[in-house]
Structure formats: C-alpha cells, structure tokens
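Biologist: I have the sequence and the model open. Can we go through the ligand site, then the rest?

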Amino acid sequence: MSAKRTSKNVLLDTALKNFYSAAEEMRLDDSLVEVLSHSEKRLEVSIPVEMDDGTVKAFRGYRVQHSSAIGPSKGGIRFHPDVDVDECEALAMLMTWKCSLAGIPYGGGKGGISCDPQSMSTKERERMCRGFAARISPIIGTWRDVPAPDVNTGGQEMVWFMDTVSKLHGQVEPAVFTGKPISYWGSQGRTAATGYGAATCGLELLKVLGKDPKDVRVAVEGFGNVGSYAALKMAEAGAKVVAISNRSGVYYAPNGLDIKKAFDEAEANPRERLKGFTCEGCKKVDDILSVDCDLFFPCALEGVVNDKTADRIKAKWIVEGANGPVTPEGDAILNKKGILVVPDFLANSGGVIGSYFEWAQDLGGYFWTEEEYNNRLMHIMKGNFKLVWEYAQSKKINMRRAAFMAAIQRVADAVKLRGLFL
Ligand code: NAD
C-alpha cells in the first residue's frame, strides 16, 4: 500500500482518518484500502455566466465521484463561497458510506459551485445552473451519477439542471437529478423523510432498550425540516417532547409542549418559524443541551456537542438528525459518560433513501402514494437500525463505529466482486 493520504482540508483529512482507522480495525485488505481511499473522478469546471449588468463572471464548479462500486454515484450540489474540490471529495466519501449503509444501490458523489447565491438574481442563478449542468453532463446520468440538492440549492435548481440535460439529450431525463418539486417529477413524502427517518431510529432504539415512548422525555434542537418532523413523529408516538429550539430561542415545558401547534405555526409562518410561540406551561430557556430529558435530537448545526459543551448534556441517548452535530472530542466525552449515540449517517439517511424512491419512481414513470412511500421508508430505516445495533452488540463497539464498518464492508465486497478494471 502506498503512503496514507492526508489533506490540508480539515473535512477531507477527517474523512480519510476515519476511513483508515475503521479499515485498520476491520483488517481490510491493503488493496481495498488503496482503492477506497481515492476518488474515482474529481472534475473541476469553469462556468462563464453573463451577469445582469452585462459583465461576464467565471465561476468554479466541481463534481467528485468517490465510488461507483455499488451503483451510480449519489450526492448533493452545494452553492457556497467556500466550496472547493477537497470539500466535495470529503462529502462524496461520506455519501459512499451513507448509501452503502442505507442498503440502496448507489455510490457516493458530491458537487458544488463556489459562489454567493444570495447576492445573485434569479436569472443569474438560472444561467449559472444551466452552465454547470452542461459542463458536468458528460459524467452525470441516471446510471452514472445522480445529483441532488444541498446547501443553498433546492427544487428550482434541480429543475434547471434537469431541463438543461434533457434538452442536451433531446429527451426528458427525470431520473438524473432528485429533490425535484412534486409538480415536476418529484415525489410525495420527501419533505418529511429525513425527520421521520430520524424519529424511527429513536423509536427503534427505545424498543431495543425496552422503553415505552410514553415514559420518555425528548428535546429537539433545530425546528426546521428535519427537527420539526422528528418532533412531530415522536409526539405522535406518545413521547413527551419537553424542549424544541431554533434561531429564535429554546422553548421548554417540563410537562410537554404542544408539538402539533408548534409545527402548524412554524409551517404557517416559514420566515419566522417559532418566533412568538407559546403553549401551556411553556417558557423560554437559554440552553437546550442542559435541558433535563432522556432522548436528544440535535437537528440544526454541525459541532454543537463538542469538548466544551458535551458535559452539559443530561440526555441518556442521542439521535443525530443533523450532519456531524457531535465532534470527535465531544464523542469521547459522551462515550465516557455512557451516553449512547445513533450516528448521523444512519439516523438522517431518510433523505437519501427518499431520493432513491424518487429515482425509482422516475425510472418507472409511475408514482407512489405518500402512504406507500412512508411505509417503505420505515421498513428500510428499521432494518438498517437493526443491522447496526446488532453489529455493534456483536462486536462490542459503539453504533458510530459499527455503522462505519458495516458500510465500508459492503463497498469493499462490491469492489472485490467486480475487480479492479476501471
Ligand atoms: P433547516 O434549515 O430546515 O433547519 C435548520 C434549523 O436549525 C432551523 O430551524 C434553524 O432556525 C435552526 N437553527 C439554526 N441555528 C440554530 C441555533 N444556533 N440553535 C438552534 N437552532 C438553530 O435545515 P434542515 O434541512 O432541517 O437540516 C438540518 C440538518 O440536517 C443539517 O445538518 C443538514 O445537513 C442535515 N440533513 C438534512 C437533510 C434533509 O433532508 N433536510 C438530510 C440529511 C441531513
């Protein structure tokens, strides 16, 4: 094996270190470590865009395909000034493990454009999207690489991408992108998928621990897409959701909040979300991490549970709805305190499983009802939770390490079966 790869980019360096250490513990063959520590393709493109004032600006765009061992690469497209090719590679690698663990037929990819979309007009963003789709079109496709939304991209961007590729190919190409609006080849059920999936992991955890949801107090940080649906499903299952939070503050009621009311108010007022929310016994407090609860769902930001904050956590169990809410230092403290963590790439995989459902429906040209979608999602989430739980128990390791090892093993098996040719 050649020397281990390192990177100046913190995200990529961490992704590589995590991979090498899991590979060592699994005693993964050197040749497989060599293959999986490198990405299959790292594409960088220039996208000239005519701005509204008549000047031309060249934006840098990227698409990285880490692995297609299991199937087409899958992963979002991010618009942000800090996007670069190393960051895309780190996130593409994580997508490989996430799709593998989810048991869906995809590898991992990620892309983005270094830009500040908030400072651009709709027409400028449309021209940039179409230019980007045309530039990366030789390497993406229904059976090659299927991008999706990420930070600062959504349904509208996916439609511009899809329309551009369709026009280049002279035929409608719905399954090249997922995360499209329901009105244009999108899928029922996708909006709630990640939050419902995270809550399903929470409920499965309570089941294996022999706890009744009715006896469990829940706190949810972040009442956006993921957090609000996770809170709603936990409340529907009978759990007492004692705290929720968002940018406007932390809302706490020791006897339980009226989550349906909070959800409806937030939906009715998408700009302000919870601002001004109140219900019986509800008061505002400063810190959601130190709220007295049993099960905590961090569903907002990266790195909130870290070396400075992990000691404040009172919960016994954590289900990571957000990506990377617990830092490695925070994780070490939680481990010492005996707090059990259901890791992000299991707990929030409802989103990518939902993308897979959209792709499958687009391929068939036949759409499912929301009920069919949710039943299939719950079935897969429960199966994946069981797989990781049992793997962790049998190897006497925590769920994060178990999830990582199970995911790597499936990709390694596919590489072994297929051989090294390209
Ligand atoms: P969102 O923008 O809909 O919601 C984020 C929420 O966090 C908002 O309610 C916001 O007010 C809140 N927030 C921001 N700063 C906060 C703070 N300091 N304290 C408390 N709350 C704060 O985003 P989302 O789609 O729900 O994504 C949340 C996380 O889940 C991100 O890490 C994202 O990468 C991850 N994730 C999302 C999906 C998905 O399908 N949406 C899938 C996988 C992972």
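Biologist: Which helices and strands each supply at least two residues of the shell around the ligand?
Modeller: Bear in mind that this is a predicted model. Two helices and a strand pass the bar of at least two shell residues. They are α6 (190-209), α7 (225-236) and β7 (240-246).

Biologist: Of the 17 residues around the ligand, which come nearest?
Modeller: A residue counts here if one of its heavy atoms lies within 4 Å of the ligand. By class, the shell divides into 6 nonpolar, 9 polar and 2 charged. The residues that come nearest are T194, N225, V226, R247 and N323.

Biologist: Which residue has a side-chain N or O atom 3.0 Å from an oxygen atom of the ligand?
Modeller: Polar contacts are N or O pairs within 3.5 Å. F223 offers a polar backbone atom, 3.3 Å from a ligand oxygen. G224 also uses a backbone N or O atom, at 3.1 Å from a ligand oxygen. The side-chain contact at 3.0 Å belongs to N323.

Biologist: How much of the ligand's accessible area does the protein cover?
Modeller: Take the ligand on its own as the reference. Its accessible area is then 830 Å². The protein covers 68%.

Biologist: What is the charged residue in the lining of the largest cavity?
Modeller: The structure holds 1 cavity of 30 Å³ or more, with a volume of about 30 Å³. Its lining has 8 nonpolar residues, no polar ones and 1 charged. The lining residues are A219, I288, L289, V291, C293, F296, I313, K314 and A315. Lys counts as charged, so the residue is K314.

Biologist: What distance separates the centres of domain 1 and domain 2?
Modeller: Domain 1 spans 40-173 and domain 2 spans 193-347. The centres are taken over C-alpha atoms. They are separated by 31 Å.

Notes
Residues are numbered from 1 along each chain as its sequence is written. This is a predicted model: local features need pLDDT of at least 70, side-chain atom pairs count only at pLDDT 80 or more; totals for chains, interfaces and linings use all residues. Side-chain values use heavy atoms; hydrogens and water are left out. On a 1 Å grid over the protein atoms alone, a cavity is a set of points where a 1.4 Å probe fits but cannot get out, and a pocket is an open set with protein on both sides within 12 Å along at least five of seven lines; lining residues have an atom within 4 Å of a point. Grid points are joined across faces, edges and corners, and a volume is the space filled by probe spheres set on the points. A polar contact is a pair of N or O atoms within 3.5 Å; within protein, one must be able to donate a hydrogen and the other to accept it, and residues adjacent in sequence count only if both atoms are side-chain atoms. Accessible areas come from the Shrake-Rupley method with a 1.4 Å probe; for residues, only the protein chains shown count as cover. Helices (H or I, at least four residues) and strands (E, at least two) are DSSP runs, numbered from the N terminus. Domain bounds come from an automatic or database domain assignment.
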